[in-house]
Amino acid sequence: MSKYLVQGSYTAEGTKGVLAEGGTGRREAVERVLRSCGGTLESMYFAFGDNDFYIVVDMPDDISMVATAMAVRATGGVMSRAVPLLRPEDIDEAARKTVDFRAPGA
């Protein structure tokens, strides 16, 4: 499973929906859409500031994440972005890889 941090904001129409069904209603909707693509919700927080919500999800793969994001964004109620999250062990593995790179001008 791949983990993602989803950050987003509601449009005016999306905010009307949150007001009508509340935070727990939105959490249930998020859980449903994630399940439909084989994913699960790890955590969900509402906030104020640049973003209205922060969600951590587990998805089977990048394609499932993209499919979910496109379906949600297509409604026009949400503007979001998904950030892939890496475990410390992933960084250890990456650090052990040999990379053939030459700096510009070197």
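Colleague: Which residue of strand 3 is the bridge partner of Gly 8, and what makes strand 1 and strand 3 a pair?

Modeller: In this predicted model, the partner of Gly 8 in strand 3 is Phe 53. Two strands count as paired when at least two bridges are found between them; strand 1 and strand 3 are joined by seven bridges and run antiparallel, so they meet that condition.

Colleague: What makes strand 4 a partner of strand 1 as well?

Modeller: Eight bridges join strand 1 to strand 4, again with the two running antiparallel, and since the requirement is at least two bridges, they count as a pair. Within these two strands, Val 6 stands opposite Ala 82 of strand 4.

Colleague: How do you know that strand 2 pairs with strand 3, and what lies between them?

Modeller: Strand 2 and strand 3 are joined by six bridges in an antiparallel arrangement, so the threshold of at least two is satisfied. Leu 41 stands opposite Val 57 in strand 3, while Thr 40 has Asp 58 of strand 3 as its bridge partner. The two strands form a hairpin with six residues between them, and Gly 49 in the turn has a positive phi of about 125°.

Colleague: What is the order of the strands in the sheet, and why are strand 2 and strand 4 called edge strands?

Modeller: The four strands make an open sheet in the order 2-3-1-4, with antiparallel pairing. Strand 2 (40-46) and strand 4 are the edge strands because each pairs on one side only. From one strand to the next, the twist averages 20°.

Colleague: How do the helices lie on this sheet?

Modeller: Helix 1 lies across strand 1, strand 2 and strand 3, and runs at about 155° to strand 2. Helix 2 also packs on the sheet, where it touches strand 1, strand 3 and strand 4, and its direction makes about 165° with that of strand 4.

Colleague: What makes the interaction of Lys 16 with Glu 13 a polar contact?

Modeller: Lys 16 is found in helix 1, and its side chain is joined to that of Glu 13 at 3.1 Å; the cut-off for such a pair of N or O atoms is 3.5 Å, so the distance falls within it. Lys 16 also lies 9.2 Å from Gly 77, C-alpha to C-alpha, although 61 residues separate them in sequence.

Colleague: Which elements line the largest pocket, and what is the class make-up of its lining?

Modeller: The largest pocket holds about 480 Å³ of space and is lined by 26 residues, of which Arg 26, Val 30, Val 33, Val 72 and Val 78 lie nearest its centre. Strand 1 (2-10), helix 1 (12-36), strand 3 (53-59), helix 2 (62-73) and strand 4 (78-85) each supply at least two lining residues, and helix 1 gives the largest share, ten residues. By class, 16 residues of the lining are nonpolar, six are polar and four are charged.

Technical notes:
Residues are numbered from 1 along each chain as its sequence is written. This is a predicted model: local features need pLDDT of at least 70, side-chain atom pairs count only at pLDDT 80 or more; totals for chains, interfaces and linings use all residues. Side-chain values use heavy atoms; hydrogens and water are left out. On a 1 Å grid over the protein atoms alone, a cavity is a set of points where a 1.4 Å probe fits but cannot get out, and a pocket is an open set with protein on both sides within 12 Å along at least five of seven lines; lining residues have an atom within 4 Å of a point. Grid points are joined across faces, edges and corners, and a volume is the space filled by probe spheres set on the points. Ala, Val, Leu, Ile, Met, Phe, Trp, Tyr, Cys and Pro count as nonpolar, Asp, Glu, Lys and Arg as charged, and the others, Gly among them, as polar. A polar contact is a pair of N or O atoms within 3.5 Å; within protein, one must be able to donate a hydrogen and the other to accept it, and residues adjacent in sequence count only if both atoms are side-chain atoms. Axes are lines fitted to C-alpha atoms, for helices over the stretch in contact, and angles run from 0 to 180 degrees between N-to-C directions. Contact means heavy atoms within 4.5 Å.
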